[in-house]
Amino acid sequence: MNRTRLVRSAAAVAAALTVLTGCSGGDNSGASGETTTVNWWTWSPDQAIAYEQCIPAFEKANPTIKVKITNYNVSDYFTKLTSGFVSGDAPDAFMNSVTYLQSYAGQGQLLPLDDYISKDKLDLGQYAIGTEGWKYKDGKQYALPMDWATGALYYNTDVLAKAGYTAKDVAALNWTSDGGGSLWPMIKHLTVDSAGKRGDQAGFNANAVQTYGLGNIESTGDPFGQNAWGWLLPNDGINIPDQQNWATVFNYNDPKVVTSVQMVRALANDGYTPKLNQFTTANSQQLGSGKVAMVVGGTWEAATYAALKGAKIGTAPLPAGAGGKRALMTNANGNNLWAGSKHPDQTWKWVKYQESEECQTTAAKFNGSFFPSIAASMKALTDQQAAKGADFSVFNRYLTSGELVPCPVYNNGAALTNAMVPQFESYFTNKADESIFPKMQDQSRTLLAEGK
């Protein structure tokens, strides 16, 4: 769910690795005053800087342990990581996406944390969300959750006010897969062409749009649209994977799925949202400039939208489904220990501190680049942002409302991404029609079985 889109070529490297058994025995580094360096990797430059704020306190309490944080661009990150598994010089611990849990744990590259958790009596209850997603098929806990993420609706308050809408109207939006609800009419009314005609008025020119009602949601960065249209589906009771954990098929040909994806494509074809790859500027710039009235964005973008100059940006929950219910897909990046680390005990000390309330609060408040999984740290971040004039209450309610549900965990994620993303791209660019969905469904069944 980052929320971060993982590069397909890097994913393929992970999938292609043969099973390797790491050497996870402890060592005596530091026993006689010798200093041990723990290497920790991330693909997020913002989180790298944020977690560096935790190092001084940790090293003061652990004078024989030094921490080195390295950030790699996401396009290189997983290639370097999996290459490190092969060469034996992977980092001691690293931020990981749940997409790779199956492959890395299956290869023996991840160190189970259960013994450490039990020995230190670590209370997993402090994490409001994310722990269950990092349990593998063997029932063992392979990571502590670092953060959480889901979608939100960001909107330009001036643009909405001109159209006659209030913050209460946006917060009350809903939708259904058959085209019902208040979301679709609002998108159309917010869309304005160069002559000032709105999308729901006679004479609207879809080929000369000045302001789109909604930013592009045809994103194809994963097998089920998690970063765009896929966020809406569970709110109306629609799930593409046939089961939450270790799905056997992705139900792309389910009539509700097909209808929902058709509506997403129709929004772009009819001029209410930009077409795929139409804009080269960031969503935040489009929203700030008034080129779009609303965007579906990630929770990790909240600080960016709050800091926009020259525009007042509001935040609302994602539109509810029928009956006002929400089931918001969320994921949590995990903090894995490499099974091949030469000093796992020292590494565990760093990871345990990194995932403590003290460090999570320090890091999250430093630049607001992530939402911590620990509820108390999330509350501290919300209070800090409120003092700056940014309202994060929507996200705090997400965490306490019971509406967040874990993203599906499934086999062979790299292969599924490689196979499905190009087909979605073809569909959203009108190069393919609905006949691809039964084929994609059959293909997913085969790929999910191969990944076992």
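Reader: Which residue in β10 stands opposite leucine 153?

Author: Happy to start there, with a reminder that this is a predicted model. Leucine 153 lies in strand β6, which covers residues 151–156 and is joined to β10 by four bridges. The two strands run antiparallel, and the residue in β10 that stands opposite leucine 153 is alanine 316.

Reader: And on the β9 side, which residue does alanine 152 stand opposite?

Author: Strand β6 also pairs with β9, in the antiparallel sense and over five bridges. Within that pairing, the residue of β9 opposite alanine 152 is glycine 297.

Reader: What is the strand order of the open sheet of three strands?

Author: The edge strands are β9 (294–298) and β10 (313–316), each of which pairs on one side only. Pairing in this sheet is antiparallel, and the twist from one strand to the next averages 35°. Read across the sheet, the order is β9-β6-β10.

Reader: Are the faces of β6 covered or open, and which residues are on each side?

Author: In a regular strand, side chains alternate between the two faces of the sheet. Six of the six residues in β6 are buried. Both faces are covered, with Gly151, Leu153 and Tyr155 on one side, and on the other Ala152, Tyr154 and Asn156.

Reader: Which cysteines form a disulfide, and how far apart are their sulfur atoms?

Author: A disulfide is a covalent bond between the sulfur atoms of two cysteines. Searching the whole structure turns up one. The partners are cysteine 54 and cysteine 359, and their sulfur atoms are 2.2 Å apart.

Reader: How many residues apart are these two cysteines in the chain?

Author: The pair links distant parts of the chain. Cysteine 54 sits in the loop between α2 and α3 (55–61), while cysteine 359 belongs to helix α14 (residues 357–367). Both cysteines are buried, and their separation along the chain is 305 residues.

Reader: Why is the disulfide of cysteine 54 and cysteine 359 called right-handed?

Author: The handedness follows from the torsion about the S-S bond. For cysteine 54 and cysteine 359 the disulfide is right-handed because that torsion is about 100°.

Reader: Where on helix α2 do Gln47, Ala48, Ala50 and Tyr51 lie around the axis?

Author: Helix α2 spans residues 45–52, and those four residues are buried. They cover an arc of only 165° around the axis, so they lie on the same side of α2.

Reader: Which residues touch the most other members of the largest nonpolar core?

Author: This core has 132 residues. Tryptophan 350 shows what such a place looks like: beyond its neighbours within four places in sequence, its contacts include Tyr51, Cys54 and Phe58. The residues that touch the most other members are Met294, Trp350 and Phe395.

Reader: Is glutamine 126 buried or partly exposed?

Author: Glutamine 126 is in the loop between α6 (114–119) and β4 (144–145). Setting aside neighbours within four places in sequence, glutamine 126 is in contact with Glu355, Glu357, Ser373, Ile374 and Ala375. Its relative accessible area is 24%, and buried would require under 20%, so glutamine 126 is partly exposed.

Reader: How far apart in space are glutamine 126 and lysine 80?

Author: In sequence, glutamine 126 and lysine 80 are 46 residues apart. From C-alpha to C-alpha, the distance is 32 Å.

Conventions. Residues numbered from 1 in each chain as written. Predicted model: local features only at pLDDT ≥ 70, side-chain atom pairs only at ≥ 80, totals over all residues. Heavy atoms only, no water. Core = buried A, V, L, I, M, F, W, Y, C linked by side-chain atoms within 4.5 Å. Buried < 20%, exposed > 50% of the residue type's maximum accessible area, 1.4 Å probe, protein only. Contact = heavy atoms within 4.5 Å. Arc of directions from axis to C-beta. Disulfide = S-S within 2.5 Å. Pairing = 2+ DSSP bridges. Axes fitted to C-alpha atoms, helices over the stretch in contact; angles between N-to-C directions.
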